[in-house]
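User: Please take a close look at one part of this model and describe how it is built. A connected account of its helical surroundings would be welcome.

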Amino acid sequence: SEEEDEEMSFEPPKIYEEIPSFDFVRAKVLVFMSQFNEYIRGYNMDLVFFMDALKHLMIVSRIISNPRGNALLV
């Protein structure tokens with residue numbers, strides 16, 4: 001029937017998690033950066049994650065996690 005065809009979707013579900021705060025995101029990103037610094041010897045990444053940088057980081061990570069996802073950053 002037509003109703004079943006409309007409800008059927010072959011795309012994977014998009015799961016978004018609500019973030020408690022940007023401080024939570026900043027803390028998570030700092031943990032990932034420290035893990036990177038421990039893993040890569042001889043190179044110390046020291047980045048500052050201000051509000052706009054975190055927003056862009058979340059957008060870009062969502063884009064590149066999709067199949068064939070790409071973005072042009074200017």
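Analyst: Serine 61 sits in helix α3, which runs over residues 51–65. The model is a predicted one. In it, serine 61 is partly exposed, since its relative accessible area is 37%, and a residue counts as buried under 20% and as exposed over 50%. The side chain of serine 61 places a polar atom 2.9 Å from the backbone oxygen of methionine 58.

The wider segment can be described from the record. UniProt, in an unreviewed entry, assigns residues 45–74 to the feature "domain: Dynein heavy chain AAA module D4". Across residues 45–74, the chain is 50% helix and 0% strand. The C-alpha atoms at the two ends of that stretch are 22 Å apart.

Helix α3 also has a part in the surroundings of helix α2: α3 is included in what covers the buried residues of α2. Those buried residues are Val25, Val29, Met33 and Asn37. They lie on the same side of α2, because the arc they cover around the axis is only 115°. The face of α2 turned away from this buried side carries the exposed residues Asp23, Glu38 and Tyr39.

The length of α2 can be checked as well. Helix α2 comprises 18 residues, 22–39, and at 1.5 Å a residue it should span 26 Å. Its end C-alpha atoms are 26 Å apart, so the expected span and the model agree.

To return to the starting point, serine 61 is a partly exposed residue of α3, and α3 is among the elements that cover the buried residues of α2.

Note on methods:
Residues are numbered from 1 along each chain as its sequence is written. This is a predicted model: local features need pLDDT of at least 70, side-chain atom pairs count only at pLDDT 80 or more; totals for chains, interfaces and linings use all residues. Side-chain values use heavy atoms; hydrogens and water are left out. UniProt positions are given in the numbering used here, feature names are shortened, and annotations may be inferred rather than shown by experiment. Helices (H or I, at least four residues) and strands (E, at least two) are DSSP runs, numbered from the N terminus. Buried means under 20% relative accessible area, exposed over 50%, partly exposed in between (1.4 Å probe, protein chains only). A polar contact is a pair of N or O atoms within 3.5 Å; within protein, one must be able to donate a hydrogen and the other to accept it, and residues adjacent in sequence count only if both atoms are side-chain atoms. The expected span of a helix is 1.5 Å times one less than its number of residues. The arc is that of the directions from the helix axis to the C-beta atoms. Contact means heavy atoms within 4.5 Å.
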